[in-house]
Amino acid sequence: MAYVVINKERCKACLLCTEFCPRQCLGVDAQMNSRGFHSAALLHPEKCTGCRICALMCPDVCIDVYREAKAEPVGGKAKA
Amino acid sequence: MTTTLCTDEQVFGRSAGLTEARMHYCPGCTHGLIHRLVAETLEELDVLDRTVGVCPVGCAVFAYDYFNIDMIQASHGRAPAVATGAKRAVPDAVVFTYQGDGDLASIGMAEIVHAAARGEKITVVFINNSLYGMTGGQMAPTTLVGQATTTSPLGRDPGLAGYPIRVSELLATLDGAVYITRQAVGSPKAVQATKRALRTAFQVQLDGKGFSLVEILSSCPTWWGQSPREALTWTETGMAAQYPLGVVKDTTGSGTE
């Protein structure tokens, strides 16, 4: 599992991340930021693979990408 | 700024070469993206503490607020001359200029040509968006034939305003220029290729081989009147037809792409 953290105050809603996301995980935030932009938001976290393409194309460097740490063997996730 | 959750592995984050400042560029402008590529390249080469950047006049005039390195702000077009002084005074420094096409190809044409001819050991990051952005979308030396700008509303007429200058090809004729390439940032693949080109260009300087320049076809959604995505597509279709992508000159002898 993976996810992105978007700095919504820095985002200017150019939405290049949503255009380039290969799995359509990203969309528009319902709320405005303090500059009046409806920033990008991770609307479908279950589809995110952490491929980094959104962060690669973001002109304002407001996306951080994380991959969840592998669970320990006890009751760990079986899914490969 | 962003929250770090538990022990998850961060696979992409803000480079140490950038400050936390919020960039003033228009939504969808690729200046910020290229700032990131330059900052990451300098960080990966581990030279952030001995790099001096020179800002242009133009949209990127405030780049000194965004790069977390020593920066100088030069007069319009004079960045290569200022960079020459910085590099000769402190030869161990990594010196680069960050210039737009109005700055470099118009008023600064003399400075860039002679810096390349002298083989100054500096790196030039040349942003070509085919018009003057900051001053209001006017025609630049790089404006395409037929392209509408605020001073050529019916499209650039070569009978009146001449033809666009291919800066990279022009500078490639000079013996002092060692590595010159033209890249774009219209797709993830192009962005990665641009980063590799920047790394090669800075490596040329670190190796003391001579003058290096990376021209990057950049978008201006505001003055092109296009969406950010349409503008990026235009850099790789319309602009790249006039300004072919790829290495224009490489006499480093290392066979880099």
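Two strands count as paired if DSSP finds at least two bridges between them. That rule is needed to read one part of this predicted model, the place where chain A meets chain B.

Three bridges join strand β4 of chain A to strand β1 of chain B, which covers residues 9-12. The two strands run antiparallel. Within this pairing, A:Y66 stands opposite B:Q10, a residue of β1(B).

The strand pairing belongs to a wider contact between the chains. In total, 24 residues of chain A are in contact with 27 residues of chain B. Which elements of chain A give two or more residues to this side? They are α1 (16-20), α2 (53-57) and β4 (63-67). Sorted by class, the side of chain A that touches chain B holds 14 nonpolar residues, eight charged residues and two polar ones.

Now turn to chain B as a whole. Its secondary structure consists of ten helices and ten strands. The radius of gyration of chain B is 18 Å, and the globule rule gives a close value, 18 Å, for 257 residues; chain B is therefore as compact as a globular protein of that length. Along the principal axes, the C-alpha atoms of chain B fill a box of roughly 55 × 45 × 35 Å.

How much of chain B is buried? Of its 257 residues, 49% count as buried, where a buried residue has 20 or more other C-beta atoms within 10 Å of its own. Contacts within chain B can also be sorted by distance along the sequence. Among those with a separation of 6 or more, 67% are between residues 24 or more positions apart.

Note on methods. Residues numbered from 1 in each chain as written. Chains lettered and ligands numbered in written order. Predicted model: local features only at pLDDT ≥ 70, side-chain atom pairs only at ≥ 80, totals over all residues. Contact = placed C-beta atoms within 7 Å. Helix = DSSP H or I, 4+ residues; strand = E, 2+ residues; numbered from the N terminus. Nonpolar A, V, L, I, M, F, W, Y, C, P; charged D, E, K, R; others polar. Rg over C-alpha atoms; globule rule 2.2 N^0.38 Å. Buried ≥ 20, exposed ≤ 12 C-beta atoms within 10 Å, placed from the backbone.
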